[in-house]
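Welcome, and please load the model in your viewer with the ligand shown as sticks. We will go from selection to selection, with a word on what is there at each stop.

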Amino acid sequence: MATGMFITLEGVEGSGKTTQAALVADLLRAAGRRVSVTHEPGGTRAGEAIRAIFLDPAIRLDVAAELLLVLADRAQHVREKLRPAVAAGEIVISDRYCDSTVAYQGHGRGFDLKLLADLNRLASDGMRPDLTFVLDCPAEIGLERSRARRGAAAGAPDRFEGERLDFHRRVRDGFLAVARAEPDRVIVIDSTAPRAAVTARMVAEITARMVP
Ligand code: TYD
């Protein structure tokens, strides 16, 4: 049985994570690997219920409640889905994971980074990604993309899309700080590059790390 692998995709709003997760998964499947794609918040039944509260701008949430909700989501996701899938030999791609909490709740909201490391360890049960891609682009470009997408769907901005530009700039800097601190795990990719080039780079990096 192939050895499982846990890959996470991180980045600001509109950085193209969701599209790239699907494209990368298709290519890996075509190469004969079993791949599942999941996301946070969400990914489990409990997680989707948490996500609905977490993103709804009409529901007032204290920032501490926001933090604990996303951690509760992660605790369920790891135990119900991520760990069993990797143990079964799958390549699991998660659209967001612990680094999003560091970037959004830490660099964005201002929670202490040491506290977040402890809470992330609890929520994730110590499950760390084998590889993380930060799809990086300037916050204004990402926001513009996600607002255009939102506009097409005629929906209201969610809790985070409605945040000011300086919040999203801090979030971007947060992801880049994580990448600098953990260069062996985290690869930063310029997501303003052509889509196919981003996909190809990701597949190459994953393939290079695969245990045959
Ligand atoms: P989503 O619709 O999945 O957006 P995106 O396509 O940008 O991933 O919304 C997820 C939002 O939740 C996103 O704005 C980031 C936020 N978030 C946090 O603030 N902390 C976290 O730990 C996670 C996982 C997500």
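**Stop 1: the ligand and its shell**

Begin with helix H4, which gives the most to the shell around the ligand: four residues. Helices and strands here are DSSP runs, numbered from the N terminus (helices are H or I with at least four residues, strands are E with at least two). Before going further, note that this is a predicted model, in which local features need pLDDT of at least 70 and side-chain atom pairs count only at pLDDT 80 or more, while totals for chains, interfaces and linings use all residues. Residues are numbered from 1 along each chain as its sequence is written, and side-chain values use heavy atoms, with hydrogens and water left out.

Now select everything around the ligand, taking a residue as near if one of its heavy atoms lies within 4 Å. You should get 15 residues, with Glu 13, Lys 17, Arg 96, Thr 101 and Gln 105 the closest. They comprise six nonpolar, three polar and six charged residues. In this scheme Ala, Val, Leu, Ile, Met, Phe, Trp, Tyr, Cys and Pro are nonpolar, Asp, Glu, Lys and Arg are charged, and the others, Gly among them, are polar.

**Stop 2: polar contacts**

Which side chains should you pick for distances to ligand oxygen atoms? Try Thr 101, with a polar side-chain atom 2.6 Å from a ligand oxygen, then Arg 96, at 2.7 Å, and Lys 17, whose side-chain N or O atom is 2.8 Å from one. A polar contact is a pair of N or O atoms within 3.5 Å. The protein covers 92% of the 550 Å² of accessible area that the ligand has on its own (Shrake-Rupley method, 1.4 Å probe).

**Stop 3: Arg 96 and Pro 41**

Stay on Arg 96 and look at its backbone: phi is near 80°, a positive value in a residue other than glycine. Arg 96 is in the loop between strand S3 (91–95) and H4. Next, select Glu 40 and Pro 41, which are joined by a cis peptide bond with omega about -10°. Pro 41 belongs to the loop between strand S2 (35–39) and H2. For context, most residues other than glycine have a negative phi, and most peptide bonds are trans.

**Stop 4: the largest pocket**

The ligand sits in the largest pocket (more than half of its atoms lie within 2 Å of the pocket's grid points). A pocket is an open set of points on a 1 Å grid over the protein atoms alone, where a 1.4 Å probe fits, with protein on both sides within 12 Å along at least five of seven lines; lining residues have an atom within 4 Å of a point. Its volume, the space filled by probe spheres set on the points, is about 840 Å³. Of its 39 lining residues, Glu 13, Lys 17, Thr 18, Arg 96 and Arg 149 lie nearest the centre.

**Stop 5: the second largest pocket**

Finally, the second largest pocket holds about 450 Å³ of space. Select Asp 99, Val 102, Ala 117, Arg 128 and Glu 182, the closest to its centre among 20 lining residues. Helix H5 (113–124) supplies the largest share, five residues.

Technical notes:
Polar contact = N/O pair within 3.5 Å; in protein donor to acceptor, adjacent residues only side chain to side chain.
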